[in-house]
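Biologist: I am new to this structure and would like to learn how to read it. Could you take me through a few features, one at a time?

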Amino acid sequence: MPGPTLTTDAIVLLKRPPSDHFQTLAVFTATHGTLRVIQRLPKKTTTSHLALDLFDEVALLLECAPQGDAWFVKEPRLLTRHSGIGRHYESLVRASAFATLVARNPVPEESRASIHALLRTAFAAFATDASADTVYLKCLYCFARDEGYPVKQQWIPSLSPELSAAAARLLHTPLATLARDDFPPSPVATLLRHLEHYLRNHTEIMMDERGER
């Protein structure tokens, strides 16, 4: 007997190594947060099969698995594929680190819509020629802010006047308009180290240790 179904828009965060017949992924939705989904792989290559990929924005019809801890993908429809992320290695690394961070941190119901919107904007920015570290820095800041942490009130005042001014300029620039040459790499790298240290020591956000430099 088929299980309950769910129709939702989602963003692919994680993609596990496939088995012979199935691909397991983690996706994020604005209403249900992170979901574990399983996509059946075709026995033969076919043009009608949409293989979900990292950072894809998709519309999904899902059916609850019998064990209740996952959903089977029934009817996927691609909305946006951020293929530009793969043009720059650093963009791929940073986009993957941010996706992993969101996947491993439970997002409360009241924050899910804003985090879903942040992911859409973040992956679109990673797909441009913007500096990967600059985009990642702003993503971390916005994620912590949307999770209710006082980064503006605590982290920014802890910086030197020079770094505080650089942070204010960067954080007031929309993700969609960040350009690769807008911000010198040295202040960005220093700000990123400071912010990662703050998040590890003053919040409950679980960071991806591999993202630390």
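**Cysteines, core and rings**

Modeller: Gladly! Let us begin with a cysteine: C64 counts as buried, because its relative accessibility is 17% and the cut-off for buried is under 20%. Keep in mind that this is a predicted model.

Biologist: Thanks! How many disulfides does the structure hold?

Modeller: First the general idea: a disulfide is a covalent bond between the sulfur atoms of two cysteines. In this structure there are 0 disulfides. Take C142 as a case: the closest cysteine sulfur, in C139, is 6.9 Å away from its own, which is too far for a bond, because a disulfide needs the sulfur atoms within 2.5 Å.

Biologist: And is C142 buried or exposed?

Modeller: C142 is buried, with a relative accessibility of 6%.

Biologist: Now the nonpolar core. Which residues touch the most other members of the largest one?

Modeller: Those are F98, F123 and W155, in a core of 52 residues. Two strands, β1 (5-15) and β2 (22-29), each give two or more residues to this core, and so do the helices α1 (89-104), α2 (112-126), α3 (132-146), α4 (151-155), α5 (161-171) and α6 (185-202). The largest share comes from α3, with 9 residues.

Biologist: What does W155 touch, leaving out residues up to four places away in sequence?

Modeller: On that count, W155 has contacts with L137, Y141, P150, A167, L171, L191, H194, L195 and Y198. Another core, of 15 residues, lies apart from the largest one, and its members include L35, L50, L60 and W71.

Biologist: My last topic is aromatic rings. How many aromatic pairs does the structure hold?

Modeller: A pair of aromatic rings is described by the distance of the centres and the angle of the planes. This structure has 4 aromatic pairs. One of them joins F22 and F72: the centres are 6.4 Å apart and the planes meet at 45°, a tilted pair. F22 sits in strand β2 and F72 in strand β5 (residues 71-80), so this pair links distant parts of the chain, 50 residues apart. Both rings belong to partly exposed residues, F22 at 28% relative accessible area and F72 at 25% relative accessibility.

Biologist: What about F98 and F143: how far apart are the ring centres, and what is the angle between the planes?

Modeller: F98 and F143 are 6.3 Å apart, centre to centre, with 90° between the planes, so the pair is edge-to-face. F98 belongs to helix α1 and F143 to helix α3, so the pair ties together parts 45 residues apart in sequence. Both F98 and F143 are buried.

Note on methods. Residues numbered from 1 in each chain as written. Predicted model: local features only at pLDDT ≥ 70, side-chain atom pairs only at ≥ 80, totals over all residues. Heavy atoms only, no water. Core = buried A, V, L, I, M, F, W, Y, C linked by side-chain atoms within 4.5 Å. Buried < 20%, exposed > 50% of the residue type's maximum accessible area, 1.4 Å probe, protein only. Helix = DSSP H or I, 4+ residues; strand = E, 2+ residues; numbered from the N terminus. Contact = heavy atoms within 4.5 Å. Phe/Tyr/Trp six-rings, centres within 6.5 Å; stacked < 30°, edge-to-face > 60°.
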